[in-house]
Amino acid sequence: MVAPGLPSLSLDEPALAAALLAIAPTELGGAVLRCGHGPERDAFLQAVRGGLPADTPWLKVPCNVTDDRLLGGLDLARTLAQGHAVVEPGVLARADQGVVLMAMAERWDTATTRKLCMVLDRGEVHLEREGLSMRLPSRCSVIALDEGVADDEAVAPALLDRLAFLLPLTAWAPIDPAPAGDAMAVAAMRQRFLDIALQPKQVRLLVKTHAALGIPSMRAAALAAVAARAAAALARRG
């Protein structure tokens, strides 16, 4: 199926972003929510989660997470009990095909953020530690909860480059908490999304716009193409 011209949608920007994330969570990478805890953030998270299948992993990770909790490691108790190495998957492996919420994302250290970015790029966790060597699938979407106040308190640029949306929600007044509809409706939209391809002229327009804006990373153009396909699927929700 070929995408038509970009559809006109009546949703405001955060509501539209939530709807698109529910349709194509892993393909869009995720979002940065620039706001403190409050009804705006809760409404956005509810809108995304309400459009996902009920069994979708939804895991929150603290900013001081250790490598063994994030990536996985040796389960010492079970290893001793069973007499052979037993791996305990980390949060990213357990969040495969789901959503990871980065608590206080502006405070994540560079090394941990870099490891998260590598998992997003590869779609899997490379576990190389404590004599272990294995790969665990981890195709997940990341919603970074950025509560920074000062200009220098923000999500690392490397992670921001991999997420489709940056949303300041402070002044957002949500009306519809689930703009994409229920999970069954979103599942139908996702199938349409998978069948949609952009026309060559649309791809050329995205590339020209990307170049005109002087954006150094090509990920922005790629994510814009995914968002356009998801928007086309959403516009034909009926």
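## A tour of a pocket and a helix pair

Let's begin at the second largest pocket, which holds about 240 Å³ of space. Keep in mind as you look around that this is a predicted model.

**Stop 1: the middle of the pocket.** Select Thr26, Glu27, Gly29, Leu120 and Arg162. Of the 15 residues that line the second largest pocket, these five lie nearest its centre.

**Stop 2: the helices around it.** Now colour α2 (25–28), α7 (110–122) and α11 (219–235); each of them supplies at least two residues of this pocket's lining. Which helix gives the most to the lining? The answer is α7, with four residues.

**Stop 3: the chemistry of the lining.** Try colouring the lining residues by class. You should find six charged, five nonpolar and four polar residues in the lining of the second largest pocket.

**Stop 4: a crossing of two helices.** Keep α11 selected and add α1, residues 13–23. Two packed helices are described by the angle between their axes and by the distance between those axes. For α1 and α11, the angle is about 95 degrees and the axes are 9 Å apart. Why call α1 roughly perpendicular to α11? Because angles of 65 to 115 degrees count as roughly perpendicular.

Next, show the side chains where the two helices meet. On α1, pick Leu16, Ala19, Leu20 and Ile23; on α11, pick Ala227, Ala230, Ala231 and Leu234. These residues make the contact. How many nonpolar, polar and charged residues does the contact of α1 with α11 have? There are eight nonpolar residues, with no polar and no charged ones.

**Stop 5: the whole chain.** Finally, zoom out and switch to a cartoon view. You will see 11 helices and nine strands. Along the principal axes, the C-alpha atoms fill a box of roughly 60 × 40 × 35 Å. The chain's radius of gyration is 19 Å, which agrees with the value near 18 Å for a compact globule of 238 residues.

Notes. Residues are numbered from 1 along each chain as its sequence is written. This is a predicted model: local features need pLDDT of at least 70, side-chain atom pairs count only at pLDDT 80 or more; totals for chains, interfaces and linings use all residues. Side-chain values use heavy atoms; hydrogens and water are left out. On a 1 Å grid over the protein atoms alone, a cavity is a set of points where a 1.4 Å probe fits but cannot get out, and a pocket is an open set with protein on both sides within 12 Å along at least five of seven lines; lining residues have an atom within 4 Å of a point. Grid points are joined across faces, edges and corners, and a volume is the space filled by probe spheres set on the points. Ala, Val, Leu, Ile, Met, Phe, Trp, Tyr, Cys and Pro count as nonpolar, Asp, Glu, Lys and Arg as charged, and the others, Gly among them, as polar. Axes are lines fitted to C-alpha atoms, for helices over the stretch in contact, and angles run from 0 to 180 degrees between N-to-C directions. Angles under 35 degrees count as roughly parallel, over 145 as roughly antiparallel, 65 to 115 as roughly perpendicular and the rest as oblique. Contact means heavy atoms within 4.5 Å. The radius of gyration is taken over C-alpha atoms; the globule rule is 2.2 Å times the number of residues to the power 0.38.
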